[in-house]
Amino acid sequence: MNPTDMREQLPEYADGALDAAQSAAVEAYLAAHPEARAEVERWRALRGSAHRSLQSVPVPAGLHERVQAALEAERRGAGRGWLTIYRLGVPGLAAAAVVVALVALWPGGARATPVDAEGFARLYRLCAVDHRHDALGLRGCRCCEAAGKLKTCAGFACQVPDLGRCGRYRVDGACRCSPAKGLRVVHAFFRYEDDPRRVVSVFAVDRAIELRARGVTSTGCRTPCGRHYHTAEADEVHVAAWDEGAGSVVLVSEMSRPDLVRLVEELCATRQNGALLDEGGETGVSVATQAAR
Amino acid sequence: MASPERRSFGELALPQLELLYRVARRLVRDEHEAEDLVQETYLKAYKAFARFELREMGIRPWLLKILNNTFLNRIARQRNTPRRAEQELLEQTEADAALPVELDYEHLDAEVARALEALSPEFRAVMLLWATMELSYQEIADILELPIGTVMSRLHRARRQLAAELKNYAAANRVASAKVAS
């Protein structure tokens, strides 16, 4: 082997990637060439430096919990559905088919996807309160700007209420963490400037949902202007949800239920007055359509 | 070794989370995108866990393989058409592979990180796996689903490029030192 070939092999020798015969040949060469030995040391040091630069990448706070939450949502989603129905056996399948047919024929009944309030409460705690998970980089954004940016980030038609119309709220962050398998959401969370401990999470969901708490449908209510919404309590926070365009909006906060209801009514009323929420109105759902719901 | 059926996905996979995030972060250069990539990797791994055979591949290489494939799919979508590895090879400039002698390699981490970032994604992936210090060339080839010869060729080319970057850095330092001295 000529010296050029030998030097080409030095990095691989430094990595311990040569076979016994090649290593022996390189070692014989190194014994006679101290500058080549120094070159091997430099390659080893370079790999060490690359290793340290990789190890120095900071891991964001809460990453573990967020991945676990995503896996849990996946597990819960995967645990339902076909496997559960399959275990019912043939009579169960027949009964399920009847239920599906009835739900499909019931006006509006087939639209809503059941989602546990606990999932929203968990993300409120994890992303909004504990880790301020600003994956979409909206912290510090003005509330009125956030709606437009979230629509761009969402990848689906959605409307995000402008909390800035209900008081001195500022955007503290936003992410796409979802409370349930297959459900696409954008989650923006807001802090009240006069009381930073007051945090409100707003989820824009890609479809109409049926809010559930501990497995049962949550409490249904109606705003003074006639719009339906649902409330539930989970993990010591209050959750409220209503249909908005083709999807849903979910509010989560530790504030008292009456305070949250007031917020919902204000936001719904704002929408009812046509003053909202979403500057572009891309979903194309008119106020009249909303009121008819 | 216990079979994956006996050990839960979380028990096996979650201890690898930090390494996966670090590799992802160096691949995509944006912390939010890196987290998104890692989440997608874990969800895919979770769904495929029943088919995972620990005897064929350790959990770490398996997760890295999913991460790499997910990353390549993303960049292929961004580019619209996947670029061929041969094309990448042709784009690399030839350079002398020797490392500059005057640098202190114990205090060069930031510069090395910058030089790694300058590599094209396919070459960066090889070098990041190399930088973990835990994987043989064959394991890197298995993760990247490439022949070992291609991995060695990419490592060779990437090292040349790193050497060239570090030579530029050393030359710039020499100029700066000369200016200070004068």
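Are Phe49(B) and Phe52(B) buried or exposed? Phe49(B) is buried, and Phe52(B) is buried too. Both belong to a predicted model, and the report starts from their surroundings.

## Aromatic pairs

A pair of aromatic rings is described by two quantities, the distance of the centres and the angle of the planes. Over all chains, the count comes to 7 aromatic pairs. One of them joins Phe9(B) and Tyr46(B). Their centres are 5.5 Å apart, and their planes make 75 degrees. The geometry is edge-to-face.

This pair links distant parts of the chain. Phe9(B) sits in helix H1 (residues 9–13) of chain B. Tyr46(B) sits in helix H3 (residues 31–48) of chain B. The two are 37 residues apart. Phe9(B) has 5% relative accessibility, so it counts as buried. Tyr46(B) has a relative accessible area of 25%, so it is partly exposed.

Phe49(B) and Phe52(B) form another pair, with centres 6.0 Å apart. Their planes lie at 20 degrees; stacked means under 30 degrees, so this pair is stacked.

## The cluster and the cores

One aromatic cluster takes in Phe9(B), Tyr42(B), Tyr46(B), Phe49(B), Phe52(B) and Trp62(B). Both pairs described above fall inside that list.

The largest nonpolar core has 78 residues. Tyr42(B), Trp62(B), Leu64(B) and Leu67(B) have the most contacts inside it. Another core, of 36 residues, lies apart from it. Among its residues are Leu136(A), Phe156(A), Leu260(A) and Leu267(A).

Which residues does Trp62(B) contact, leaving aside neighbours within four places in sequence? Its aromatic contacts include Phe9(B), Phe49(B) and Phe52(B). Ala45(B), Ala48(B) and Met57(B) are also in contact with Trp62(B). Trp62(B) thus appears both in the aromatic cluster and among the best-connected residues of the largest core.

## Charges over rings

Two arginines lie over ring faces. Arg198(A) lies over the face of Tyr192(A), at 4.9 Å from the ring centre. Arg159(B) lies over the face of Trp43(A), at 6.0 Å from the ring centre. The second case brings together a residue of chain B and a ring of chain A.

## A buried glutamate

Glu165(B) lies in helix H9 (residues 148–181) of chain B. Its relative accessible area is 18%, and the cut-off for buried is under 20%, so Glu165(B) is buried.

What does Glu165(B) touch, not counting residues up to four places away in sequence? It touches Arg114(B), Ala115(B) and Ala118(B).

Definitions and conventions. Residues are numbered from 1 along each chain as its sequence is written. Chains are lettered from A and ligands numbered from 1 in the order in which they are written. This is a predicted model: local features need pLDDT of at least 70, side-chain atom pairs count only at pLDDT 80 or more; totals for chains, interfaces and linings use all residues. Side-chain values use heavy atoms; hydrogens and water are left out. Rings of Phe, Tyr and Trp (its six-membered ring) pair if their centres lie within 6.5 Å; planes under 30 degrees apart count as stacked, over 60 as edge-to-face and the rest as tilted. Helices (H or I, at least four residues) and strands (E, at least two) are DSSP runs, numbered from the N terminus. Buried means under 20% relative accessible area, exposed over 50%, partly exposed in between (1.4 Å probe, protein chains only). A charge sits over a ring if NZ of Lys or CZ of Arg is within 6 Å of the ring centre and within 35 degrees of the ring normal. Contact means heavy atoms within 4.5 Å. A nonpolar core is a set of buried Ala, Val, Leu, Ile, Met, Phe, Trp, Tyr and Cys residues joined through side-chain atoms within 4.5 Å.
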